[in-house]
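Subject: Structure handover and notes

Hello,

Here is the structure you will be taking over. My notes follow below it.

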Amino acid sequence: MTATPAAQTSRTPGAAFILKKSLISALVALVLFSLMIGIRTEAGPDGQLTYWTRFGDLAVMVAAVFGGSILIELLRQWWGPVDAGKVMPAPVQNALSLAGRLLPPALLVFTFLVPVLFYDERYILDLAILVLTYVMLGWGLNVVVGLAGLLDLGYVAFYAVGAYSYALLATNFGLSFWICLPLAGILAAFWGVLLGFPVLRLRGDYLAIVTLAFGEIIRLVLINWQTLTGGPNGVTGIPRPTLFGIPLTPADDGLAALLGIEFSPTHRIVFLFYIILALALLTNWVTIRLRRLPIGRAWEALREDEVACRALGINTTTTKLTAFATGAMFGGLAGAFFATRQGFISPESFTFHESALVLAIVVLGGMGSQLGVALAALTMIGGFELFRGLDQYRMLVFGMAMVLLMIWRPRGLVGHRAPTVFLARKEAISSDLVKEGHG
Amino acid sequence: MSGAPILTVDRLAMRFGGIVAVNDLSFDAERRKITALIGPNGAGKTTVFNCITGFYKPTSGAICLTHDDGKAVQLERLNDFRIAKLARVARTFQNIRLFPGMTALENLMVAQHNALMRASGLTFLGLIGAPSWRNAEQAAIDLSRTWLDRIGLLDRADDAAGNLPYGDQRRLEIARAMCTQPALLCLDEPAAGLNARESAALSELLLSIRADHGTSILLIEHDMSVVMEISDHVVVMDHGLKIAEGTPREIRDDPKVIAAYLGSDEEEAIAVMESGT
């Protein structure tokens, strides 16, 4: 009896609490923005410093923060604790689970139809290819981060290895895309093992730092090894992929001429679209298969508890290395595709920003979830394009959307884990039980 | 050869810097018997376990495991996962270390990793779904099912291990260790946190494991009712030294053991020991 009122008050903090919290937020905003927004400095005509104040803008910002934090607090109270299980009525739950089951096939069918539906809209086709490239990268990194729980901040290195493998093999030796594609995958996997060896003993933050450094090393080598890679100028004239040796060009031996139809540059775009779709689906299929094999289960067990793995006789060294190699291989395949799509690559395409973006896709999607990663790639890449009209506020809006998403779903869009084997019923495992791994 | 002890610990010592955790410890664990390692907190029991199972490298001394076919393995020369894989020593942990986000069934499947890796042709046969792999996988599932049935968790096979009650988690960890088909099973305080009824069920499980599989068991335990009921041989440690060994009855009456457990207050010590009968 006595505990009830106390619990009540602690659950719904009063107006004073909200006001206090909002005031603190507003104060922090005032301190932060007083110099950033409140004072504007510029170099005068004679090089001297001129400045003027913009207290009006400052007041608006601080007021916005104050109002916003009140709003967030109220929303939070309305929503309840984030981790509390929401009790939903049975029909809603059934409808949700049905929607969850139907979503992947529906998405797949829609993706297959994208070139048909948007045949005339080059922009959408290009965007779809970009999204699928990131879906594939996300699925590839998901093996390392999501399944094995090894935080990899240098994933772009393997993307670069794949891209340069194809570009250099094609321009120097004239090898075709379809021969280079597996070679790029193998080379990237090899580099994955090479990175894996020194970082085997590292965990968590240390692992993240070393993988980050590895990504930068690859980029710097690409910039400075001018004789091989062309340095900052990159590699140009990378051949386009062919359909079993038939080029997609307006020439007499091109695909359009052979089929007797009028040539259109869209053919090549559609062709590229289906290549990356096939590659992404291959990544997905292999990952789903691997999860049900002992190696995939060992990856997940490694993420859950490395000590227990060793006590069960699992070689953690090779298990980690295979995770790195598999993830790197998919990155390499995506890189080869990137090179053939662009026709030109330079080290600028392989900055840390790309690694961070792919990692954000994996984290946002829900680590380990294939559907979540695909949705996150669509949201991140598609959403980023959606905000294009907002010009300089694009990054701000985008960042805020991400923060809100992580407050709403701290374990990603699809946080639960599906078991790999079951006796009677396949039931998703709640995200609070699934470990994130320690690197 | 099968008469020889399965495990011979010879003058084992383990020092961490200046701290001597285990000093000059020698004992044998008989084949197909249950050997208990007991002693007050901080006596060095878990350190001995960690040396046997390869988590620590002993400072000096030898640990020899002799398999049924007479093949002997020097455990102190192996490290890490190789002890579990090559010497077939399985262990459980004092603080349960299941894979909480995986189902009970998956936990048992992970334990069969090495056998399944061979069957899946290092993943490649498995990737193309070869029939030999499918059969091996089904056999692994059947073995897991048998063990789940034995520990009474068949109806919770598809539940996350982290969601199981504490006592079930303890039993699942033992079943997981048994799924590696061990020659020697090392249990670190399997009865910790269990109530009297669960402890009795645990004793029964351990006795049946020994009877049905011929697995030798080495256990650390504080619960005297379990130790006295199931052990064939008891080794008592204190401050890193072996202070006594013998049958449970001999140990219970040994004044040195009583003194080690409860200082010099023999009355109380006797009461504790008696409670175990």
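Where in chain A is the place of A:I238? A:I238 sits in the loop between α9 (226–229) and α10 (255–259) of chain A; helices (H or I, at least four residues) and strands (E, at least two) are DSSP runs, numbered from the N terminus.

Before the rest, the conventions. This is a predicted model, in which local features need pLDDT of at least 70 and side-chain atom pairs count only at pLDDT 80 or more, while totals for chains, interfaces and linings use all residues. Residues are numbered from 1 along each chain as its sequence is written, and chains are lettered from A and ligands numbered from 1 in the order in which they are written.

Chain A

A:I238 counts as buried because it has 23 C-beta neighbours inside 10 Å. The cut-offs are these: a residue is buried if 20 or more other C-beta atoms lie within 10 Å of its own, exposed if 12 or fewer, and partly exposed in between, with C-beta atoms placed from the backbone. Leaving aside neighbours within four places in sequence, the contacts of A:I238 include A:A167, A:A170 and A:T171, and also A:A339, A:T340, A:G343, A:F344 and A:I345. Two residues are in contact if their C-beta atoms, placed from the backbone, lie within 7 Å. A:R341 is 103 residues from A:I238 along the chain, and 8.8 Å separate their C-alpha atoms.

Helix α5 (residues 122–147) of chain A has 26 residues. From first C-alpha to last, α5(A) reaches 36 Å, close to the 38 Å expected at 1.5 Å a residue; the expected span is 1.5 Å times one less than the number of residues. There is a bend of about 40° in α5(A) at A:L141, the bend being the angle between axes fitted to the seven residues ending at a residue and the seven starting there. Of the 26 residues of α5(A), 19 are buried, which leaves the helix mostly covered. A:G149, just after α5(A), takes a positive phi of about 70°.

Contact between the chains

Chain A gives 32 residues to the contact and chain B gives 33. On the side of chain A that touches chain B, the elements giving two or more residues are α12 (294–304) and α13 (306–311) of chain A. The largest share of that side, seven residues, comes from α12(A). By class, this side of chain A has 18 nonpolar, four polar and ten charged residues. Ala, Val, Leu, Ile, Met, Phe, Trp, Tyr, Cys and Pro count as nonpolar, Asp, Glu, Lys and Arg as charged, and the others, Gly among them, as polar.

Chain B

The domain assignment of chain B gives domain 1 (1–88 + 183–277) and domain 2 (98–181); the bounds come from an automatic or database domain assignment. Taken over C-alpha atoms, the centres of domain 1 and domain 2 of chain B are separated by 27 Å. Eleven residues from domain 1 of chain B and eleven residues from domain 2 of chain B take part in the contact. On the domain 1 side, α2 (81–85), β7 (184–188) and α8 (196–213) of chain B are the elements that give two or more residues. The largest share there, three residues, is from α8(B). That side has seven nonpolar, one polar and three charged residues.

All five residues of strand β3 (residues 34–38) of chain B are buried. B:I34, B:A36 and B:I38 point one way from β3(B), and B:T35 and B:L37 point the other way. In a regular strand the side chains alternate between the two faces of the sheet. β3(B) pairs in the parallel sense with strand β8 (residues 216–220) of chain B over four bridges; two strands pair if DSSP finds at least two bridges between them. In β8(B), B:I220 stands opposite B:L37. Four bridges also join β3(B) to strand β9 (residues 233–238) of chain B, again parallel, and there B:H233 is the bridge partner of B:T35.

Helix α1 (residues 45–52) of chain B has six of its eight residues buried, so it is largely enclosed by the rest of the structure. B:G54, which follows α1(B), has a positive phi near 85°.

Two residues other than glycine also have positive phi: B:R11, at about 50°, and B:Q181, near 55°. B:R11 lies in strand β1 (residues 7–16) of chain B and counts as exposed because it has 12 C-beta neighbours inside 10 Å. B:Q181 is in the loop between α7 (166–178) and β7 of chain B, and with 15 C-beta neighbours inside 10 Å it counts as partly exposed.

Regards
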